[in-house]
Structures are given as structure tokens and as C-alpha cells.
Amino acid sequence: EWEFLKKRADPNALIIASRPGHFTAMNQGAVDFDYANINRDALLNELHRHLYSDILVFQRIAYGPGAPPSDNLHPAFKLEKLAELQSSADEYVRISRVRL
């Protein structure tokens with residue numbers, strides 16, 4: 001995940017992830033899925049006003065069911081898939097960006 005961010009070289013992007021502390025420790029703004037869902041209107045408005053250059057979403061998805069059990073976002077967040085990276089034998093990480 002961090003290698004993906006380093007290639008993008010965008011410190012003004014906001015990250016939505018299940019463990020935002022991993023990103024904030026590296027000086028990247030991040031929130032968890034609960035916060036993003038509760039504050040969806042504010043986050044989307046702030047993206048529209050260019051407070052963030054981008055909102056990137058890191059979802060952990062199990063291979064079996066094919067949908068993130070706890071990493072779900074409200075349908076107001078329109079996602080564009082950027083990459084999928086295998087993280088273990090049982091799951092992969094889908095990286096998406098929020099589109100307005």
C-alpha cells in the first residue's frame with residue numbers, strides 16, 4: 001500500500017482505510033470507514049472544493065465472498081478502481097479513488 005502511495009507522490013490526498021494510523025504515521029491524512037460513512041457529505045464537499053487533491057480508498061477483500069465485509073462505503077462514494085494487490089492467501093487489497 002505504501003509503495004503505491006510513494007509512486008503517486010501526492011501528500012494532499014486523503015486516505016480511507018481500516019487502519020488509518022498506518023498512513024498518518026507517514027504524514028498522510030487518513031480516516032477509517034466509520035468516520036468516512038458518518039461524514040460522507042462533508043468529505044465529498046471538501047473534495048469538490050479541492051481541500052484534498054484526491055480521496056483514495058484501501059479496502060481489504062476476502063477471496064471467497066468477493067466483497068469487503070467491514071470495509072464498505074456508503075453508495076454516495078463513487079469509486080474508480082486503480083489497483084488490486086494480494087495481501088495474503090485469503091484476501092487482497094483494492095485501491096480505488098473517489099470520483100465526483
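**Strand pairing and a salt-bridge network in the predicted model**

R97 has a relative accessibility of 27% and so counts as partly exposed, since the partly exposed class covers the range between 20% and 50%. This arginine is a handy place to begin a tour of the structure, which is a predicted model. R97 belongs to strand β5, which spans residues 91-99, and the paragraphs below follow its salt bridges, then the strands around it.

Across the whole structure, six salt bridges are found. In one of them, E80 pairs with R97, and the closest N and O atoms of the two are 3.1 Å apart. E80 sits in strand β4 (residues 78-86) and R97 in strand β5, so this contact ties together parts of the chain that are 17 residues apart in sequence. Like its partner, E80 is partly exposed, as its relative accessible area is 30%. E80 also meets R99 in a salt bridge, here with an N to O distance of 3.9 Å. This second pair again links distant parts of the chain, with E80 in strand β4 and R99 in strand β5, 19 residues apart. What is the exposure class of R99? With a relative accessibility of 46%, R99 is partly exposed. Through salt bridges that share partners, D54, E80, R97 and R99 are joined into one network. In general terms, side chains of opposite charge can pair when their charged atoms come close.

A further salt bridge connects the side chains of E84 and K81, at 3.7 Å from N to O. E84 is partly exposed, given its relative accessibility of 39%.

D54, a member of the network, is placed in strand β3, which covers residues 54-62. Is D54 buried or exposed? D54 is buried, because its relative accessible area is 5%, and the buried class holds values under 20%. With residues up to four places away in sequence set aside, D54 touches R8, D10, N12, A13, L14, L47, R97 and V98. The list of contacts thus includes R97, the residue that also forms a salt bridge with E80.

The strands themselves come next. β3 and β5 are paired in the antiparallel sense, with seven bridges between them. Within this pairing, I61 has Y92 of β5 as its bridge partner. β4 and β5 also run antiparallel and are joined by eight bridges, and a hairpin of four residues leads from β4 to β5. Here K81 has S96 of β5 as its bridge partner; K81 is also the residue whose side chain meets that of E84 in a salt bridge.

S96 is itself worth a closer look. This residue of strand β5 is buried, because its relative accessible area is 1%. Beyond its neighbours within four places in sequence, S96 is in contact with I55, L56, V57, Q59, L79, E80, K81 and L82. Among the residues that S96 contacts are K81, its bridge partner, and E80, which takes part in salt bridges with R97 and R99.

On to strand β1, which covers residues 13-17 and is mostly covered, with five of its five residues buried. In a regular strand the side chains alternate between the two faces of the sheet. Which residues of β1 lie on each side? A13, I15 and A17 are on one side, L14 and I16 are on the other, and all are buried, so both faces of β1 are covered. Two of these residues, A13 and L14, also appear among the contacts of D54. β1 runs parallel to β3, with five bridges joining the two, and A17 stands opposite F58 of β3. β1 also runs parallel to strand β2 (residues 29-31), to which it is joined by three bridges. In that pairing, I16 stands opposite V31 of β2.

Finally, helix α4 (residues 40-48) contains H48. H48 counts as exposed, because its relative accessibility is 52%, and the exposed class begins over 50%. The C-alpha atoms of H48 and L100 are separated by 7.1 Å, although the two residues are 52 places apart along the chain.

Notes. Residues numbered from 1 in each chain as written. Predicted model: local features only at pLDDT ≥ 70, side-chain atom pairs only at ≥ 80, totals over all residues. Heavy atoms only, no water. Buried < 20%, exposed > 50% of the residue type's maximum accessible area, 1.4 Å probe, protein only. Contact = heavy atoms within 4.5 Å. Salt bridge = Lys/Arg side-chain N within 4 Å of Asp/Glu carboxyl O. Pairing = 2+ DSSP bridges.
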